[in-house]
Every structure is written in C-alpha cells, then in structure tokens.
Amino acid sequence: MAIVKLYSRKRCPLCDKAKSVLLELKEQISFQLEEIDIEKSDELTEKYGLMIPVVEIDGEEIQYGQIDKYTIQKALAQKS
C-alpha cells in the first residue's frame with residue numbers, strides 16, 4: 001500500500017483543497033495518508049515553506065502548490 005504524505009500548515013486554503021482531493025481519492029484507491037504540519041519543524045519549514053502543499057508518494061515528491069486529482073491519481077496507479 002502506498003504511503004502518501006501531505007506537507008501543509010494551518011490557515012492554508014491550498015492545503016485544505018489538497019487534503020480534500022486526497023480524501024476523495026482515498027475513497028477509490030487504497031493508500032495510507034499522513035498529514036505533516038511543516039510548522040512543527042524548522043527543517044521542514046525551510047524545505048517546503050514556499051512550496052506547500054506538497055504531496056509525496058512513497059518518498060517521491062509528486063506535486064506541490066496547485067494539487068490536481070488527475071496527477072495524484074495517475075501517480076498512485078503507477079505505484080500499485
């Protein structure tokens with residue numbers, strides 16, 4: 001089963017949208033979803049501060065900023 005990580009922060013409309021897309025996909029495709037708040041780590045804030053939200057599947061960054069369902073769905077299909 002793929003592990004999908006969503007790097008986000010509070011008060012981030014794009015992050016909320018990305019989470020909605022992932023939850024919608026989770027109803028169709030089986031994967032483990034981990035949401036990581038970058039503000040809890042200086043290292044993550046430095047790495048992803050300007051990019052969030054960032055979606056990572058099995059350690060590979062798939063998309064950041066504007067997250068679209070098709071791109072994530074295609075990446076998940078390739079992983080399974």
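These are my notes on one buried residue and on salt bridges in a predicted model.

**Ground rules.** The model is predicted, so I took local features only at pLDDT of at least 70 and side-chain atom pairs only at pLDDT 80 or more, while totals for chains, interfaces and linings use all residues. Residues are numbered from 1 along each chain as its sequence is written, and side-chain values use heavy atoms, with hydrogens and water left out.

**Entry 1, Ile-57.** I looked up Ile-57 and found it in strand β3, residues 54–57. Helices and strands here are DSSP runs numbered from the N terminus (helices H or I, at least four residues; strands E, at least two). Ile-57 has 0% relative accessibility and therefore counts as buried. The classes are buried under 20% relative accessible area, exposed over 50%, and partly exposed in between, with a 1.4 Å probe and protein chains only.

I then listed the contacts of Ile-57, leaving out residues up to four places away in sequence: Ala-2, Ile-3, Val-4, Ile-62, Ile-72, Ala-75, Leu-76 and Lys-79. Contact means heavy atoms within 4.5 Å. I also checked Ile-57 against Lys-19: the two are 38 residues apart in sequence and 14 Å apart in space, C-alpha to C-alpha.

**Entry 2, salt bridges.** I counted a salt bridge where a side-chain nitrogen of Lys or Arg is within 4 Å of a carboxyl oxygen of Asp or Glu. The count comes to five by this rule. I wrote up three pairs, as follows.

**Entry 3, Glu-35 and Lys-19.** The closest N and O atoms of this salt bridge are 2.9 Å apart. Glu-35 is in strand β2 (residues 31–37) and Lys-19 in helix α1 (residues 13–26), so the pair ties together parts 16 residues apart in sequence. Glu-35 is partly exposed at 44% relative accessibility, and Lys-19 is partly exposed at 32%.

**Entry 4, Lys-69 and Glu-24.** Their side chains form a salt bridge at 2.6 Å, N to O. Lys-69 belongs to helix α3 (residues 69–79) and Glu-24 to helix α1, so this pair ties together parts 45 residues apart in sequence. Lys-69 is partly exposed at 27% relative accessibility; Glu-24, at 38%, is also partly exposed.

**Entry 5, Lys-79 and Glu-60.** In this salt bridge the closest N and O atoms lie 2.9 Å apart. The pair links distant parts of the chain, with Lys-79 in helix α3 and Glu-60 in strand β4 (residues 60–64), 19 residues apart. I noted Lys-79 as partly exposed at 34% relative accessibility and Glu-60 as partly exposed at 40%. Lys-79 had already come up among the contacts of Ile-57.
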